[in-house]
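Work through the exercises below with the sequence and the model open. Each task is followed by a solution in steps.

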Amino acid sequence: MATGRTHRPATRSRGIPEATVARLPLYLRALTALSERSVPTVSSEELAAAAGVNSAKLRKDFSYLGSYGTRGVGYDVEYLVYQISRELGLTQDWPVVIVGIGNLGAALANYGGFASRGFRVAALIDADPAMAGKPVAGIPVRHTDELEKIIEDNGVSIGVIATPAGAAQQVCDRLVAAGVTSILNFAPTVLSVPDGVDVRKVDLSIELQILAFHEQRKAGEETASGDGAVPAAAPARAGSADQGPDGDVPAVMPA
């Protein structure tokens, strides 16, 4: 039965904090760019700036990997690429299934970054019988009736859910029952999973709403600094739909 847990404890078995694990891909991306330019070494300050963190945090993160760099020289770029790739499990092939081949699922299937980062799209799966057999990104779509067999035949442990919200939990349950232990969820809903299953959620609408909040705040600050005062809101009419439950505070819009 699902417990509602959607993440693991704050530290991993090897003692690397989850916050550090979350930053390792940022370092790897910056290091890969340096490697492609044949840059042999990089200082902690340069790498931290490229990854968008402060250098003290970077040095602390790398200490968990046993990498301390060389004073006056910095870090060996190629060795760090290998070290972080190994820590993230990217030195082996990871078969992935994508469930839900609508616009988003098709875009994910066409994303070229999977293969270059150690992930192989083993199958594309959709519930629509009309989609079965149609190639997307060169891979024929298969029906959800085959989900369990596909996972078993390919040894899949990572699943990507790009279905509508109403179907996501059922798909999640089937993935977990078939042996998938890590899920990347693009559906706009919270999934319940048993212990031992990791879920990472990507919700574009939430990210946009956060950006909208910051834009609104910046606009308010600009208005206040422009004339020294924020314009007063027009008084609400009695019984107006804009009034909140107490009659004078606008109600918060539902998410």
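A crossing of two helices is called left-handed if the near helix is turned anticlockwise from the far one by less than a right angle, and right-handed if clockwise. The model used here is predicted.

**Exercise 1. Describe how α1 and α4 pack: give the handedness of the crossing, the axis geometry and the make-up of the contact.**

Step 1. Apply the definition to the pair: α1 passes α4 in a left-handed crossing.

Step 2. Add the geometry. The two axes, those of α1 (18-36) and α4 (77-88), cross at roughly 145° and come within 9 Å.

Step 3. List the residues. On the α1 side the contact includes Val21, Leu24, Tyr27, Leu28 and Leu31, and on the α4 side it includes Val77, Leu80, Val81 and Ile84.

Step 4. Sort the contact residues by type: twelve are nonpolar, three polar and two charged.

**Exercise 2. Which helices supply the largest nonpolar core, and which residues touch the most other members?**

Step 1. The core has 22 residues, and those touching the most other members are Tyr27, Leu31, Val42, Leu47, Leu58, Phe62 and Ile84.

Step 2. At least two core residues come from each of α1, α2 (44-51), α3 (55-64) and α4. The largest share, seven residues, is that of α1.

Step 3. Take Leu31 as an example. Beyond residues up to four places away in sequence, Leu31 touches Val42, Leu47, Val77, Leu80, Val81 and Ile84.

Step 4. Another core lies apart from this one; it has 21 residues, including Ile151, Val180, Ile183 and Val193.

**Exercise 3. Lay out the sheet and place the helices that lie across it.**

Step 1. Write the strand order: the open sheet has seven strands, β5-β6-β4-β3-β7-β8-β9, with mixed pairing.

Step 2. Mark the edges, β5 (135-136) and β9 (198-201), each of which pairs on one side only.

Step 3. Examine one edge. β5 and β6 run antiparallel and are joined by two bridges; Pro135 has Pro140 in β6 as its bridge partner.

Step 4. Add the helices. α7 lies across β3 (94-99), β4 (119-126) and β6, at about 165° to β4. α8 (residues 165-177) lies across β3, β7 (158-161) and β8 (182-185), at about 170° to β7.

**Exercise 4. Is Thr144 buried or exposed, and what does Thr144 contact?**

Step 1. Locate Thr144: the residue is in the loop between β6 (139-143) and α7 (147-154).

Step 2. Compare with the cut-off. Buried means under 20% relative accessible area; Thr144 has 11% relative accessibility, so Thr144 counts as buried.

Step 3. Outside its neighbours within four places in sequence, Thr144 is in contact with Ile125, Asp126, Ala127 and Arg174.

Technical notes: Residues numbered from 1 in each chain as written. Predicted model: local features only at pLDDT ≥ 70, side-chain atom pairs only at ≥ 80, totals over all residues. Heavy atoms only, no water. Helix = DSSP H or I, 4+ residues; strand = E, 2+ residues; numbered from the N terminus. Buried < 20%, exposed > 50% of the residue type's maximum accessible area, 1.4 Å probe, protein only. Contact = heavy atoms within 4.5 Å. Pairing = 2+ DSSP bridges. Axes fitted to C-alpha atoms, helices over the stretch in contact; angles between N-to-C directions. Core = buried A, V, L, I, M, F, W, Y, C linked by side-chain atoms within 4.5 Å. Nonpolar A, V, L, I, M, F, W, Y, C, P; charged D, E, K, R; others polar.
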